[in-house]
Amino acid sequence: MNLDEISKEDLIKENEHLQKLINNLASKNAQLAVTISNLEVVNQQLQNKGENQ
């Protein structure tokens, strides 16, 4: 599709939609980082427990 055929308003709406998707992905990424960090702590605790038995 030719960009000249798309209205400025439609481009603004699409941009806002994409920005919401990006923000949503950034939030999910942050949640995953916390989950990974928590799993790493639990893994370390399990390894320490195994070494102390």
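**Exercise 1. Determine how the radius of gyration of the protein compares with that of a compact globule.**

Solution. The radius of gyration is taken over C-alpha atoms, and the globule rule is 2.2 Å times the number of residues to the power 0.38. For 53 residues, a compact globule would have a value near 10 Å. The protein, however, has 22 Å. Along the principal axes, its C-alpha trace spans about 70 × 15 × 5 Å.

The model is predicted: local features need pLDDT of at least 70, side-chain atom pairs count only at pLDDT 80 or more, and totals for chains, interfaces and linings use all residues. Residues are numbered from 1 along each chain as its sequence is written, and side-chain values use heavy atoms, with hydrogens and water left out.

**Exercise 2. State how many helices and strands the protein has, and place Gln 47 and Gln 44.**

Solution. Helices (H or I, at least four residues) and strands (E, at least two) are DSSP runs, numbered from the N terminus. The protein contains 1 helix and 0 strands. Gln 47 lies in helix 1, residues 8-51, and Gln 44 is in helix 1 as well. From Gln 47 to Lys 28, 19 residues apart in sequence, the C-alpha distance is 28 Å. Between Gln 44 and Asn 24, 20 residues apart along the chain, the C-alpha separation is 30 Å.

**Exercise 3. Classify Gln 47 and Gln 44 by accessibility, and give the buried share of the protein.**

Solution. Buried means under 20% relative accessible area, exposed over 50%, and partly exposed in between (1.4 Å probe, protein chains only). Gln 47 has 39% relative accessibility and therefore counts as partly exposed. Gln 44, at 40%, is likewise partly exposed. Buried residues make up 0% of the 53 residues.
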